[in-house]
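Hi,

Here is the structure I promised to pass on. Have a look at it first, then read my notes underneath.

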Amino acid sequence: MSMYQNSKQLFERAQQSIPGGVNSPVRAFKSVGGTPVFMKSAKGAYLYDADGNQYIDYIASWGPMILGHAYEPVVKAIQEKVTYSTSFGAPTELEIKMAELIKTMVPNVDLIRMVSSGTEACMSALRLARGYTGRNKFIKFDGCYHGHADAFLVKAGSGMATLNIQTVPGVTGGVSNDTLTCAYNDLPAVEQLVNQYKGEIAAIIIEPVVGNMGCILPAPGFLERLRKICDEEGIVFIFDEVMTGFRLAAGGAQAKLNINADLITYGKVIGGGLPVGAFGGKKEIMQHIAPLGNVYQAGTLSGNPIAMIAGYTLLNELKNNPAIYEELDAKTKYLGDGIAAILLQHKIPNRINRFGSMISVHFCDHDIIDFESASRANILLFNQLFHFMLDNGVYLPPSAYESWFLNNALTYADLDKTIELFNGFFHTKGAKDTK
Ligand SMILES: *Cc1c(COP(=O)(O)O)cnc(C)c1O
């Protein structure tokens, strides 16, 4: 009997009533093949599936579970808050406390608006940048993902790369015409677009450290130069920190890389595992949002008290224990170094990209600096590795195009087990057919 018997049955059943059996495409295992594993519970660094299998978790719900699953202070805070009603449709003091807390943690946020997802945050930030500048076009980078709002669904990273969707049916040409794209880390391409569309570009939006085509780092000086271009051309510089915010540091990529963005979007960690996103930034721009200004944006469940208390509690933990980031950094480095040593031993060409607690392993002989280089890696080998790991109790992202996210509940024993499994995989496989 398969160790995934119950998951297989659930997947069969799910497909009868949910498109593709999942509520978000990457969960369907299309990229790696096989049947998605249905989860039942999780505690700390471990996931438990519908068949009772345990996994060491390297996705942390794509980020939010940075301190591990069912983290006690967050669970308690939710339990207490829920008895006061789950929604009012009217303002609460907790929303102020959340905004005030974030302002103490991250640079360059004078005003911040809560939404319910990273998608909403990016969509709203772009609308605001357009409303503020009176311009329509914007630049995004191939392979960066900013949620599924129409304007962003052009060369948009992992999920779409996995499904091999290039242009998206349902997105009008009118919309995508205003989306200008170039390769990540390609300054001359940005400069060319800026010159070609002088005075027409409202915003440059970027993942300051990319997590949606594996982990990709900005080349030295790249973000600094973009900052300068934006200043010179009156372009709004948007940092999409949905992944990096509260993960790379309490102050996110802005603090870690020492660069100011004009608008910043958040998601994932900010909600502690509940649906929360946010966008904020300089008052001069943010004051154009309704009801202060005339750029409309709203949400029935925005600032929802249960979502807010989860995020507020988690962010407080992160703010008050800066050692968390050092620990996460040390663990991720240990994992990366351990895997690198095994790959060297087996003579497997590779690049391991890491920044803080984001890491990805690419099987290739060239640097991974953008989407094109990421897609030239050996995806098939990653997929085989993924299934070997899964069968042995390690849950990696089910796509070579996704960053792994470490959580601080991981122990060094967990990391050692993972590293040893890399050894087991390449040992079993033999170096012969992996090149
Ligand atoms: C996940 C993600 C989003 C979208 O957030 P959702 O909450 O899934 O809508 C946007 N930008 C980046 C960088 C992301 O990683």
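Below is what turned up, starting with the domains and ending with the cavities.

A word on ground rules: this is a predicted model, so local features need pLDDT of at least 70 and side-chain atom pairs count only at pLDDT 80 or more, while totals for chains, interfaces and linings use all residues. Residues are numbered from 1 along each chain as its sequence is written, and side-chain values use heavy atoms, with hydrogens and water left out.

The chain is assigned two pieces: domain 1 (5-70 + 322-433) and domain 2 (72-320), with bounds from an automatic or database domain assignment. Their C-alpha centres sit 25 Å apart. Domain 1 puts 36 residues into the contact and domain 2 puts in 39 (contact means heavy atoms within 4.5 Å).

Next, the sheet. Seek out the 7 strands that run in the order β4-β10-β9-β8-β7-β5-β6, an open sheet with mixed pairing. Strands (E, at least two residues) and helices (H or I, at least four) are DSSP runs numbered from the N terminus, and two strands pair if DSSP finds at least two bridges between them. β4 (111-115) and β6 (179-182) are at the edges with a single partner strand each, so one side of each has no neighbour in the sheet. From one strand to the next, the twist averages 20°. Inside the sheet, β8 (236-240) and β9 (263-266) pair in the parallel sense over 3 bridges, and Phe-239 stands opposite Ile-264 in β9.

Helix α4 (118-133) lies across β4, β5, β7, β8, β9 and β10, at about 165° to β9 (axes are lines fitted to C-alpha atoms, for helices over the stretch in contact, with angles from 0 to 180 degrees between N-to-C directions).

How many cavities of 30 Å³ or more are there in the whole structure? The search finds 2. A cavity is a set of points on a 1 Å grid over the protein atoms alone where a 1.4 Å probe fits but cannot get out, and lining residues have an atom within 4 Å of a point. Points are joined across faces, edges and corners, and the volume is the space filled by probe spheres set on them.

The largest has a volume of about 50 Å³. Its lining includes Val-361, Phe-363, Ile-379 and Tyr-401, and β12 (358-362) and α14 (379-391) each give two or more residues to it. The second largest is about 30 Å³, with Arg-135, Lys-198 and Glu-233 among its lining residues.

Cheers

Key: On a 1 Å grid over the protein atoms alone, a cavity is a set of points where a 1.4 Å probe fits but cannot get out, and a pocket is an open set with protein on both sides within 12 Å along at least five of seven lines; lining residues have an atom within 4 Å of a point.
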